[in-house]
Structure formats: structure tokens, C-alpha cells
Amino acid sequence: MVEAKGSGRGLFRNLLGGSRGEAGLRAPNAPAMPTGDELNRAVALLRDYEQSGIGWFWSSDHEGRLTYISDCVAKSLGRERRDLVGQPIQSLFILDRDEDEPVERTLPLILSARKTFVELAVRAALDDHEVWWSISGRPQFNADGEFCGYNGNGTDVTATRQNQKDASRLAQYDSLTGLANRHRMGKRLGATLTAYKTAKRACAVMMIDLDRFKQVNDTLGHPAGDELLKQVAQRLQRVVTEKGCEIGRLGGDEFQIMLPDIDDRGRLGEIAKTIITMVSQPYQIEGSRCVIGASVGIAIAPYDGVDSEELIRSADLALYASKGGGRGQFRFYSSDLHSEAERRKQIEDDLRDALANGEMRVAYQPIVDTRTNRVVTFEAFSRWEHPELGDVPPGVFIPIAEEANLIGALGDWVLKQACVDAMSWPGSVRVAVNVSASQFANPGFASVVAQALAHAEMPPERLELELTESVFLGDRAQTEDMFNSLKLLGVRLALDDFGTGYSSLGYLQHAPFDKIKIDKGFIRGVTEPDSRNRAIISAIVSLATALKMDTTAEGIEAHDELGEMRKLGVSQIQGFIYAPALPSDDVAEAMMSGEWVIEPCGPSKYRQERRTVLRKVGLIHEDHRYEATMRNLSRTGCMVEGLLDVPIDTPFVVDFGEGQLAVAVVRRSAGAMQGLEFELPLVDDGAGGLCTRHRVSPYVMAQAGMPLQALPPGQYPMQLMQQPGAALSLPKFGSVSDQRPKSRVA
């Protein structure tokens, strides 16, 4: 048979491993060439193989341009085969790459190696749909050993690829929310931190836990809980849009967010606040309205951990602290959280015996008529005097009581004690008692209230129960039944913390409230010219007036705030401008005449809170470090004591410890006291305190000779502050103890 008559034979001979028609170029031990009949049969078989769609063939020249491609591939690409011949291979195929591969491979790079490759996964260069092939290729050389191109074959693996993709997704993603699962988050975080350690980059991790989620499962069922988790995941995806971030669900109601290249604690705090606000907005689940919350713990590599295990442990500890601080909060990791966790465990253990041991008491804060300054109600607050720890703040032990299921017993005790105390006071002033969601959900709660009233022989109209919107989380019919039962007793009902972003007018439509309490978050800034809080409070007052309800503004501290509340028509005021919470005996003495009129006493204007502190800090000036005592602290400055006669405008670096350095300038100076203004304002640390945006990087410390590790507690070497090669100077300031600085750079 003449070669031209069967023009495909030369091509397929090469595809079968032939030598481009040069019989004399066969290796000595190579098998004999097929006969003409055998070759024709092979060509027919190969064409049948191509047409079956099972597999196909390709070949290229030494420049990587196609010299042959099966027709089925051209059809898959929506083109004619003759149009593909001569095109670069990489224009047709896109090499698949695993996201975890440290080095990116390219098809031209593989082909340039001129080595055999087998089952290489490639994707068709198509935009509208996905087609996947597995290709293999063998390099071809002529008699002189020169590279001539590749011969190869391929198979369609689209279906297999999709199945693998689905299986991989199931293994790496949460089937309920579509977020990354624990396995994927751990794998990504580990790989990221390993790469970032070399590049000296930062990476933050947020751990998020949903507050009150268990109540949704218990009251509405697990299907409702699953739907709630889906909606939470959607909100997180809308809120967290930083480049390279990944959101995962670790299981249950716990989520994790990885935020590469962010170590600004101001920015992270804002993200955390937004997450808490968004997650806390109401949800519609199967016709029911649900309100939950969120607590966030934040840790940042390499400051709080160099590897993934250490970083996650730090973030978990910060989350634990945020939940212990009252929930609905965020916390940054700090080294003192370890001792705080131990203290929290001790508090939980001791709280179980506090009632039986007589360690609990009740204090009462006046609520005053805005026009007359006459006390109309006292709100009851629980107080705990621990035999070893002293007074434990309610913000510490109340969340622990909720988590340990002790809040019901504690709340019932406060209710009974408040009724007894109120009946010992002269006059007929009311007493207000906070009611937790777990108390309200107890079917026997109305009986508990009735027994407390009967035991104290107290008229029901003197008792006011303050409820938060979390009481509406349960079954609607049961909630309405409880409201009806309480109103039949004749007690008053107040909606607490109104206006914090979770409120619904539907509550006011169905629940028989007598009072709305405006959250103190709307009081702050109400006197500022551009504040919208004034309009919001005005709307709340108008709504309450139309519904014949009283209004109470909480947290009033200054005369300008009080004046604004009077202008807006708020009917009652509660806050330090009148009085703090007082023991029952002090209330009885003040009410001796049967009523108590309090003249407001406070600053003329509300100003940003300056936290009174008493702690040691370092003041660094040039190449010397001085010890000083910090007396108070605000976002923009602090007052320190310890150095003598420091001139105004003297620059310092304030060392707060744990790598926190703040550049500051002396603005006021008198004797041993200096007022410093920070170059950059401090930011909220999530625990009611302040911290610096940035810290000394462990990488910088490693360059100064310290081992690479998470930031240890305490102060750091002066070498971090000195410019290399700078001349040493003498100390310029004396201390109150007339001692020279303890450290200087040698």
C-alpha cells in the first residue's frame, strides 16, 4: 500500500511509538514494525477508539504547537479541528492546580522539561461550562537526538472530576451552611502561618460563639436551629469581606474567621463589633421571631501565637473571657487571661454556695421623676461580697450564673428579698426587679411572684418587673399566657434596654408593658450637634406617650444630658447624677419622711470617660527608660507620676507592657505629674479598657536577640527602641525617689 493512499498511517505509527517512517532508526532491541495489514487494523481500531468518545489523541511540534488533535476534542471546544492545528497547547488546556501546592506549575513549564508525563489533569479553555481531561504525553526525538515534540492521548474525566469535587467539598465544607469546616480551617490556617512565618506577616483569627442559641433549639426545635445557623452564616459572609479571609463553622454554634495580613486591633475591634451587631439582629424562623447574640475572641499571629495550635488556644481563651465578661462582647487575647480563666472557674464554684452562705445582698438605685426630682422607683441589683475576693462585680458573676444555670435561683432570691426590703421602707415607692429569660420561661414563675408578694405582704402595684426582649424567644402562646398571668396579679411590667437594635414594635403591640427603658447607649453623645440619638429618643418618647407608657432614661451622669432628657419629655431618670445603688438601710433612712427628693449632682457636661488606674508603666526618652505610675488613662492621653520637672513638649514612648508602645508628648507638667497626649489614639480592648493599635512584632524582638515566640508578659529590651549606632546620652530627668533609671543601653 502506498503511504499517500493511507495518509493516517504515518501519524498513527507515531502515536503508537513509531519512528516517523525511518525504519533504520529503530533501537537494536526494539520490536519489529507492524506489517501493512496490522497497521491498517491498528489505524481502524484507533479511529473507532476516537469516535467512541472514550479517549482521543494529540501531538505537538518542538515549539509546543498542535500538529494533531482528535475531532471529539475540537467539538468539545466548539471549534473545527483544522482551526486548532498550529495553536499553542496552553491556549486549549488550563492546568489544574491544588490550592495547597506551594509552587505553581504551568503547562509550558511541564512541556519544556521534555519528559514523559502521565494523567495530567487539565481543563478546557471554556467560559460557559467545565470540561476536564486527563492527558498523557511522551517526548519524541529524531535520529540526532533532537526534540521533535510530543505524542499523547487523553480521556474525558469531567464526570469523575465532578464526583471528586463533590467529595472534596463534603470533606472540606460544612454541609449545613456551606462554610469551611473544622478540617479545612485547620489546614488553611496551618499552611498560612507556616508561609507567613517566613514572610514575617501577620494573621488574625476570630472565634465566634452564639449566645442563647441553645434556647432556640430547646424551644423551637433543631430544624429551627439549623435554619438559624444558615442565616448566621449568610450574615457573616456579608460582614466579613476582607481580602483572603475565610469563614468556617467548627461545629454546633461555633464559627471561626481567618483574617490574613491584619494586626491593627482598632480595625479588628470594629469588625468584631459589626459581627456582634449583625448577628444580634432579629431572625424570622418558621414564623417565629428569634433574637440571639454573639461573643468574639481574637488572637493575632505572631503576637499571640506563632503556630496554629498556639494561636487557636489564645483565641479560645479570649472567647471564654468575652463570654465571661457579659456576652455580646469581644476580647483580645492577653497573657493575663490565663489567670482570669482560673479566677472565673473559682467564681463559678463559689457562686453555687454564695446564697446558702449569706454572701449575697441587694442594692437599690433610685429612679427619679424628671420634673420633680422625686424618687418613684428603686431598681434592685444583686451584689456579692466574696469572703476572699471582696465585692465581685455583677458584670462578672451574672454571666457566670447564666452559664452555670444558677440565674433562676439567684433571680428568685432577689425578687423575694426586694419585696421584703421595699415593705420596710416608709412610703409607697415601687421596687423594680430584673427578670431573666430563664425565669420568665419557667411555667411556675407567676406563682413565684405571687408567693414573694404574699410573703412580704406587698401590694402588687408596687412591684415592677423589668424584662428584656430575650423573653420573647420562647413559644409565643406560652409567652402570652405568662404576660396575662402577671398582669392578673397586678404587677407592672417594663421593657428594658429598648432601642439597642433588637427592638420590635410588635412587642409593644402584644405585650402589656407599663414602661419603656431607653438604653444608655443612646444617651451617650445625645448633646453633640450632629448626633441622631436625640431624634431616636424623641421617637421613643412619642411612641410611649401614645401607648400610655412611662419612659426611663438610664445612665445619666451629666447636667447637659439631664437637660436634654427634660427637653425630649422623658418621664424618669436613672443614673449617677442622682445616686448610685444603695444598701436597703440607706434607702430606708433617706425615705424617712415617706418620699425622697434628690437634687441632681454631677459634671456640667458629659466628657469622654477617663479611666482611673494605678499601674506601673515605662517612659522611654532617647536611650533611657524611667519607671512611672500611671494615674488615669483615656483614648488620647494619660496622667503619669514619677519624673521631676519635665518640660512641656518633651517626647516619650509609653511602654504599657506586652509589646504595647505609644508615642506621646508632654502637654502639661507640674512637679512630678505629667499629662501626656498620644500621637495615635488608643482603641477599645473589648473589656472596657484601652489598648494600642499595634504592638512590637516578635520578628523585631527576634532580630534583637530574643527567641521567636508569642509576646511574653512584661517589658522588653531597650535595644528595640534605640537607633543602631546612635550615641549614648545621659539621663535628663530625675525621679521622685531621686534614683537614676534602672536600665540603659550598654
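## Strand β12 and its neighbours

The accessible surface of the protein comes to about 36100 Å², and 50% of it belongs to carbon and sulfur atoms; such areas come from the Shrake-Rupley method with a 1.4 Å probe, and for residues only the protein chains shown count as cover. This is a predicted model, in which local features need pLDDT of at least 70 and side-chain atom pairs count only at pLDDT 80 or more, while totals for chains, interfaces and linings use all residues. Residues are numbered from 1 along each chain as its sequence is written, and side-chain values use heavy atoms, with hydrogens and water left out.

Of the 746 residues, 48% count as buried (under 20% relative accessible area, 1.4 Å probe, protein chains only). The protein has 22 helices and 32 strands; these are DSSP runs numbered from the N terminus, with helices being H or I of at least four residues and strands E of at least two.

Now let's visit β12, residues 293–301. Here 9 of its 9 residues are buried. One side carries Gly293, Ser295, Gly297, Ala299 and Ala301, the other Ala294, Val296, Ile298 and Ile300, and both faces are covered.

Which strands pair with β12? They are β7 and β13, where pairing requires at least two DSSP bridges between two strands.

| Partner of β12 | Residues | Sense | Bridges |
|---|---|---|---|
| β7 | 203–211 | antiparallel | 9 bridges |
| β13 | 330–332 | parallel | 3 bridges |

Across from Gly297 in β12 stands Met207, while Val296 stands opposite Phe330 in β13.

Note on methods: Buried < 20%, exposed > 50% of the residue type's maximum accessible area, 1.4 Å probe, protein only.
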